[in-house]
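These are my notes from a first look through one structure. I kept them in the order in which I looked things up.

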Amino acid sequence: MDTKRWSVDKNVDNLTGYPQITQAADLLLNNEVVAFPTETVYGLGANAYSDQAVAKIFEAKGRPADNPLIIHIADEAMISDFVEEIPENAKKLMKAYWPGPLTILLKMKQGVLSEMATPGLSTVGVRMPDHPVALALLQKTKLPIAAPSANSSGRPSPTAAEHVWDDLQGKIAGIVDGGTTGVGLESTVLDCTEDVPVILRPGGITAQQIQEVIGEIAVDPALTDVEQQPKSPGMKYRHYAPDATLVLVDGDRSEIQRLILDKQKEGLKVGVLTTSENASFYQADKVIACGSRDNLNSVAGSLYETLRNFNNAELDLIFSEMFPDEGVGQAIMNRLIKAAGYRVISF
Ligand code: TXA
Ligand code: MG
């Protein structure tokens, strides 16, 4: 398949009138899949009403069929088409954080959306992305768009059109290139069908930001305990992994440097994931500074690109520093620990 590619300047006004948006929207209306930028990562979109369209997402990504998709909308009024009820908590959160990186799970009306988008579930995850290109496509098609991250399953999510191209060229109808995304990690997934809403995946909106609006929330125990079965099907799969073995190190930089030297003596090629503060300290086969510790948002913004860049260095092993498990650091640590397949060395 020939994958079309359009460039769009996300800063221009009235994007819905642009030919690139019209052409991409036409493909979506014809039940083809198209990748587009959101404020978190690039999504791979399809008409959420159509089995034929949604099937193409799973095929292109190589995604396990039991992993549900988030439904993207530009207009809150559209939700009532496929959702039973919107609890008060959810309404408050939509008012506070939509458009934005918060996916809200709600009770779904059966038989409206493609069943493949929410396989065997009674809930549906809904989100309004905060990105002019995504919103223009949603407004133009007037469809709810099912969209997972636009990577091949298992690879780091794409934060630039180039990443989508590397993973999916020839497998999808088109890519709208709107530049690099902002947040860099996916949306927070919050189950609002429980009396006390539960975070199933930490993301762009922090636990504290949610608590500020609705008070008490819970966190899926599977996020901190490997033995537990996660409530969000997607969280059980190996994810975000670079080609080399990634290991998190809970220690200071001299301890990490010692590990690097030990492994190099064994003949391995070793990289280190650090931040601008420590980058010049390390001697390794590849040192990548992923943002700055002073500003964890910069780490979130660069994390997936950093994981992809390690693949160009043909390493055997990557050691990564750890990050504080609070605020956006919770999402960073969640992705890193999954990318590392739960391998952590503690000093
Ligand atoms: O920021 C984002 O959320 C990006 C952009 C493109 O919007 N999308 C994204 O989609 O990250 P995906 O498919 O890569 O991740 C969706 C996660 C998966 O872990 C999935 O299992 C979970 O959300 N999920 C979706 N619907 C669900 C549901 N009804 N019940 C439980 N988990 C759900
Ligand atoms: Mg994903």
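How do the residues of the lining of the largest pocket divide into nonpolar, polar and charged? I looked this up in a predicted model, and I got 17 nonpolar, 17 polar and nine charged.

**Entry: the largest pocket**

I noted a space of about 740 Å³ for the largest pocket. Its lining has 43 residues, and those closest to the centre are Arg63, Asn67, Pro68, Ile70 and Ser232. I then asked which strand gives the most to this lining. E6 does, with four residues. Strands E3 (42-47), E4 (70-72), E9 and E10 (198-201) also appear there, and each of these, like E6, supplies at least two residues.

**Entry: the sheet**

Several of those strands made me look at how the sheet is ordered. I found 11 strands in an open sheet, with mixed pairing, in the order E1-E8-E2-E3-E7-E4-E6-E5-E9-E10-E11. Strand E1 (4-7) and E11 are the edge strands, as each pairs on one side only.

I picked strand E5 (residues 102-107) for a closer look. Five of its six residues are buried, so E5 is largely enclosed by the rest of the structure. On one side I traced E5 to strand E9 (residues 188-191), with four bridges in the parallel sense. Along this pairing, Leu102 has Thr188 as its bridge partner in E9, and Leu105 stands opposite Asp191. E5 also pairs with strand E6 (residues 123-127), again over four bridges, but here the strands run antiparallel. In that pairing I found Lys107 opposite Thr123.

Just ahead of this strand I checked the peptide bonds. Trp98 and Pro99 are joined by a cis bond, with omega at about -10 degrees. Pro99 sits in the loop between helix H3 (88-97) and E5. I wrote beside it that most peptide bonds are trans.

**Entry: the second largest pocket**

The second largest pocket holds about 340 Å³ of space. I listed 14 lining residues, and nearest the centre are Leu223, Thr224, Asp325, Gln330 and Asn334. Helix H9 (residues 329-339) gives the most to this lining, with four residues. By class I got nine nonpolar, three polar and two charged residues. Which domains does the lining draw on? I found at least three residues from each of domain 1 (4-234) and domain 2 (245-346).

**Entry: the cavity**

Next I looked for enclosed space. I found one cavity of 30 Å³ or more, and its volume is about 50 Å³. Thr188, Ile199, Pro202, Gly203, Ile205, Thr206, Ala207, Gly327, Gln330 and Ala331 line this cavity. I sorted them into five nonpolar and five polar residues, with no charged ones. The cavity lining takes at least three residues from each of domain 1 (4-234) and domain 2 (245-346). Two names were already in my notes: Thr188 is the bridge partner of Leu102, and Gln330 is among the residues nearest the centre of the second largest pocket.

**Entry: aromatic pairs**

I counted two aromatic pairs. In one, the ring centres of Tyr240 and Tyr304 are 5.4 Å apart and the planes are at 25 degrees, so I entered the pair as stacked. Tyr240 is in the loop between strand E11 (218-219) and strand E12 (245-250), while Tyr304 is in helix H8 (residues 296-310), so the pair ties together parts that are 64 residues apart in sequence. I noted both tyrosines, Tyr240 and Tyr304, as buried.

The other pair is Phe281 with Tyr282, where the centres are 5.5 Å apart and the planes are at 80 degrees, so this one is edge-to-face. Phe281 is partly exposed at 32% relative accessible area, whereas Tyr282 is buried at 6%.

**Entry: positive phi**

Last, I looked at backbone angles. Asn31 has a positive phi, near 65 degrees, although it is not a glycine. It lies in the loop between helix H1 (19-29) and strand E2 (34-37). Is Asn31 buried or exposed? Its relative accessible area is 16%, so I put Asn31 down as buried.

Tyr342 also has a positive phi, near 70 degrees. Tyr342 is placed in the loop between H9 and strand E16 (344-346). With a relative accessible area of 39%, Tyr342 is partly exposed.

Notes: Residues are numbered from 1 along each chain as its sequence is written. Chains are lettered from A and ligands numbered from 1 in the order in which they are written. This is a predicted model: local features need pLDDT of at least 70, side-chain atom pairs count only at pLDDT 80 or more; totals for chains, interfaces and linings use all residues. Side-chain values use heavy atoms; hydrogens and water are left out. On a 1 Å grid over the protein atoms alone, a cavity is a set of points where a 1.4 Å probe fits but cannot get out, and a pocket is an open set with protein on both sides within 12 Å along at least five of seven lines; lining residues have an atom within 4 Å of a point. Grid points are joined across faces, edges and corners, and a volume is the space filled by probe spheres set on the points. Ala, Val, Leu, Ile, Met, Phe, Trp, Tyr, Cys and Pro count as nonpolar, Asp, Glu, Lys and Arg as charged, and the others, Gly among them, as polar. Domain bounds come from an automatic or database domain assignment. Buried means under 20% relative accessible area, exposed over 50%, partly exposed in between (1.4 Å probe, protein chains only). Two strands pair if DSSP finds at least two bridges between them. Rings of Phe, Tyr and Trp (its six-membered ring) pair if their centres lie within 6.5 Å; planes under 30 degrees apart count as stacked, over 60 as edge-to-face and the rest as tilted.
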